[in-house]
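User: I am new to this structure and want to know what the labels rest on. Please take me through them briefly.

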Amino acid sequence: MTAANPPVSIDFPDVSMHLVRPNEPVRARVVRNEVCTRSKKAAGFVRHVEIDVSGTPLEGGFRAGQSFGVIAPGEDERGRPHKVRLYSIASPTAGEDGAGKILATTVKRTIDEHWDTGRLFTGVASNFLCDLDEGDEVLVSGPNGKRFLLPARPEEHDYVFFATGTGIAPFRGMITELLAAGVESKIALVMGAPYRTDLLYDDVFMRLDEEHENFHYITAISREPEGDSAGGGGRGVYVQQRLATHRDELVPILSSPRGLVYVCGIAGMELGVFQELARQLPPMAREPYLVCDDETLAGVDTWDRRMIHRDIKPTRRVFLEVY
Ligand code: NAP
């Protein structure tokens with residue numbers, strides 16, 4: 001990128017927020033609930049749940065990338081109604097139905113132990129959502145979020161999306177929206193999962209990759225060994241390592257003045273993505289995404305999370321949502 005080739009400006013669309021407040025949630029109805037891994041042998045249990053919000057203020061009121069609230073029935077240990085839990089919308093802005101009436105989300109069952117008692121911990125909302133049948137009612141609120149969105153003029157940009165696990169949810173919506181609109185932007189999705197059997201919506205993205213020349217689906221499996229020739233050194237790989245192994249595909253997108261980076265999933269991946277952007281991109285291509293001084297840059301191998309926003313500053317071209 002040169003001064004004669006400045007970054008394309010980014011404008012955001014207007015979005016509605018809090019059309020339904022969590023203290024006055026509305027009733028919606030589950031219309032589909034299915035496993036979203038191809039294999040039944042997946043280590044985690046993740047379900048794709050579709051909810052009909054027609055007739056509520058949420059109908060036509062959400063955008064890809066936003067989230068919505070679920071208020072689980074029952075009370076907390078203090079006898080108060082459960083607080084709202086937010087879930088990423090996995091649908092495009094037009095919803096699953098094309099008319100903004102049905103939104104989807106991607107829910108992983110919580111199956112854990114209480115760290116103090118060692119007893120089974122199943123959380124509040126995720127298992128409730130996963131257990132809902134078609135026709136069941138659910139109290140919802142939202143939408144929430146105004147920053148993790150596609151830009152207002154999506155055709156003016158190219159995209160690299162990095163997802164781990166259920167962090168794929170907003171990208172399912174965004175990518176299907178971009179491709180359905182016929183944008184000719186270059187779009188790469190790098191999807192990370194522990195095992196191949198854990199890849200979410202794998203069949204959807206494989207099909208989109210086959211159908212659209214401008215979309216590339218790249219996976220990064222962390223717990224299955226990958227050969228030396230693929231850059232994995234015989235170990236599994238994290239999504240950020242694809243910037244090295246798939247340099248020829250990803251670096252040209254990021255080096256263009258149109259490039260945008262989206263990151264969603266497990267906390268920790270953002271640091272890894274930043275380190276790999278710093279290592280793989282030449283300075284002119286790196287600066288539009290990350291601002292850091294020369295001394296910080298020289299210490300890239302020892303960066304830690306606390307340096308993010310303090311010493312390593314992502315720019316407006318980087319969209320982050322990690323938990
Ligand atoms: P998962 O299936 O366990 O997959 C996570 C993958 O990320 C694993 O392959 C894991 O590898 C890898 N990983 C671990 N540390 C990493 C690092 N430092 N850099 C890159 N990759 C790393 O995922 P999950 O259980 O669905 O969890 C997804 C996370 O995304 C949750 O924390 C969830 O809260 C968050 N999320 C956020 C949003 C949002 O912000 N809107 C939406 C949905 C999900 P190993 O385990 O093999 O090390």
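User: Which residue in S2 is the bridge partner of Glu-34?

Analyst: His-48 is the bridge partner of Glu-34. Keep in mind that this is a predicted model.

User: What makes S1 and S2 a pair?

Analyst: Two strands count as paired if there are at least two bridges between them. Strand S1 (residues 26-35) and strand S2 (residues 46-52) have six bridges, in the antiparallel sense. So the cut-off of at least two bridges is met by the six found here.

User: Which sheet do these strands belong to, and why are S4 and S5 called edges?

Analyst: The sheet is open and has six strands, in the order S4-S3-S8-S1-S2-S5, with antiparallel pairing. Strand S4 (85-88) and strand S5 (102-108) each have a single partner strand, so one side of each is left without a neighbour in the sheet. On average, neighbouring strands of this sheet are turned by 45° against each other, direction ignored.

User: What is the order of the sheet of five strands?

Analyst: The order is S11-S10-S9-S12-S15, in an open sheet with parallel pairing. Strand S11 (215-221) and strand S15 (318-322) are its edge strands, and each pairs on one side only. The twist averages 10° from one strand to the next.

User: How do you know that S10 and S11 pair?

Analyst: Strand S10 (residues 187-193) and S11 pair over seven bridges, in the parallel sense. The cut-off is at least two bridges. Ile-187 stands opposite Phe-215 in S11.

User: Why is the chain called as compact as a globular protein of its length?

Analyst: The globule rule gives 20 Å for 323 residues, and the radius of gyration of the chain is 20 Å, so the chain is as compact as a globular protein of that length. The chain holds eight helices and 15 strands. Its C-alpha trace spans about 55 × 45 × 40 Å along the principal axes.

User: What surrounds the ligand?

Analyst: There are 19 residues around the ligand, and Ser-88, Lys-108, Ser-222, Arg-223 and Tyr-238 are the closest. The shell divides into seven nonpolar, nine polar and three charged residues.

User: What makes the approach of Ser-88 to the ligand a polar contact?

Analyst: A polar contact needs a pair of N or O atoms within 3.5 Å. A polar side-chain atom of Ser-88 lies 2.7 Å from a nitrogen atom of the ligand. Backbone atoms take part as well. A polar one of Pro-194 is 3.2 Å from an oxygen atom of the ligand. A polar one of Gly-268 is 3.3 Å from a nitrogen atom of the ligand. The protein covers 77% of the 940 Å² of accessible area that the ligand has on its own.

Definitions and conventions. Residues numbered from 1 in each chain as written. Predicted model: local features only at pLDDT ≥ 70, side-chain atom pairs only at ≥ 80, totals over all residues. Heavy atoms only, no water. Near = heavy atom within 4 Å. Polar contact = N/O pair within 3.5 Å; in protein donor to acceptor, adjacent residues only side chain to side chain. Areas by Shrake-Rupley, 256 points an atom, 1.4 Å probe, with all protein chains shown as cover. Nonpolar A, V, L, I, M, F, W, Y, C, P; charged D, E, K, R; others polar. Helix = DSSP H or I, 4+ residues; strand = E, 2+ residues; numbered from the N terminus. Axes fitted to C-alpha atoms, helices over the stretch in contact; angles between N-to-C directions. Rg over C-alpha atoms; globule rule 2.2 N^0.38 Å.
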